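Trainee: I should like to request a close look at a single part of a model, set in the context of the whole chain. Please keep the criteria explicit.

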Amino acid sequence: MKKTLLMLWMAVCLIVSFTGCTSEEMDYNNPDVALFVKQLKSGTYKMKNDKGVVEVPHFTEEDIPELLKYAEDLTIIPSFPSVYNMNNGKIRLGECMLWVIESIRQGTPPSLGCKMVLANAENYEAIYFLTDEEVLDAATCYRNWWEERQYPKTRWTIDPCYDEPLCGSGYRWW
């Protein structure tokens, strides 16, 4: 009997030790980009604000280089925390990372969902959503914008696209 209880106790401890450490929690004010991506890919991201709404953690401009590392990842994720979560189309991780970057850049979400459309789209039908190749092109636009932004703007710089990553690309946020 003692041997059976000891074996049962060891089994419980082993199960608790394996399951107890797998739950990684996100810190809203000091988020980890890699953990955020891992949770988005696995469908386990659930960070809620004080109103109980699942939302993107508070990323800052310092997180942009890390977010850009995932901008070309076309992995389809189960969901993304935005006001309007598209259930009728593919939710690409890279496109969502660009949405987070644009949210940082503007100080507010660029659209209700993490989807870009062609700039001349007549409406918001799925036929106007970007293809994988166009998302990769948009990621290049953001990468170029970030690299250019690292250089100080001189007073004789008159480029209207200086701080607009999608300027001239033919894409816009939905």
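What pLDDT does the protein average, and what percentage of the residues score at least 70? With that settled, which residues of helix H5 are buried, and what covers them?

Mentor: The model is a predicted one, in which local features need pLDDT of at least 70 and side-chain atom pairs count only at pLDDT 80 or more, while totals for chains, interfaces and linings use all residues. Residues are numbered from 1 along each chain as its sequence is written, and side-chain values use heavy atoms, with hydrogens and water left out.

On confidence, the protein averages a pLDDT of 83, and 80% of the residues score at least 70; pLDDT is the predictor's confidence in each residue, from 0 to 100. Among the elements, helix H3 (residues 64-68) has the highest mean pLDDT, at 98, and helix H1 (residues 2-20) the lowest, at 47. In residues 5-9 the pLDDT falls below 50, and this stretch has zero contacts in the model beyond near neighbours in sequence. Residues 11-22 are also below 50, again with zero contacts beyond near neighbours in sequence. A contact here means heavy atoms within 4.5 Å.

The protein contains five helices and two strands, in the order α-α-α-α-β-α-β along the sequence. These elements are DSSP runs numbered from the N terminus: H or I of at least four residues for helices, E of at least two for strands. Of its 174 residues, 36% count as buried, a class defined by a relative accessible area under 20%, with exposed over 50% and partly exposed in between (1.4 Å probe, protein chains only). Of the contacts with a separation of 6 or more, 61% join residues 24 or more positions apart.

Helix H5 itself comprises residues 132-149. Its 18 residues should span 26 Å at 1.5 Å a residue, and its end C-alpha atoms are 26 Å apart, which agrees; the expected span is 1.5 Å times one less than the number of residues. The buried residues of H5 are Val135, Ala138, Ala139, Cys141, Tyr142, Trp145 and Trp146. They lie on the same side of H5 because they cover an arc of only 155 degrees around the axis, the arc being that of the directions from the helix axis to the C-beta atoms. An α-helix has 3.6 residues a turn, so residues three or four places apart point the same way. The cover over these buried residues includes H3, H4, strand S1 (116-118) and strand S2 (171-173).

Val135 illustrates the packing of this side. Its relative accessible area is 0%, so Val135 counts as buried. Not counting residues up to four places away in sequence, Val135 touches Leu74, Arg92, Glu95, Leu98 and Leu130. The C-alpha atoms of Val135 and Glu95 are separated by 6.5 Å, although the two residues are 40 apart along the chain.

Next come the aromatic residues of H5. The structure holds seven aromatic pairs, where rings of Phe, Tyr and Trp (its six-membered ring) pair if their centres lie within 6.5 Å, and planes under 30 degrees apart count as stacked, over 60 as edge-to-face and the rest as tilted. Tyr142 and Trp145 form an edge-to-face pair, because their ring centres are 6.1 Å apart and their planes stand at 75 degrees. These two residues are three apart in H5, about one turn of the helix. The pair of Trp145 and Trp146 is tilted, since the centres are 5.6 Å apart and the planes are at 55 degrees.

Glu148 also lies in H5, but with a relative accessible area of 48% it is partly exposed. Its C-alpha is 8.8 Å from that of Asp163, 15 residues away in sequence.

Finally, consider the neighbouring helix H4 (residues 93-106), which includes Glu102. Twelve of the 14 residues of H4 are buried, and H5 is among the elements that cover them. Glu102 counts as buried, at 4% relative accessibility. Beyond four places in sequence, Glu102 is in contact with Thr108, Pro110, Tyr142, Pro165 and Trp173. Its side chain also makes a polar contact of 2.8 Å with the side chain of Gln106; the term denotes a pair of N or O atoms within 3.5 Å, where within protein one must be able to donate a hydrogen and the other to accept it, and residues adjacent in sequence count only if both atoms are side-chain atoms.
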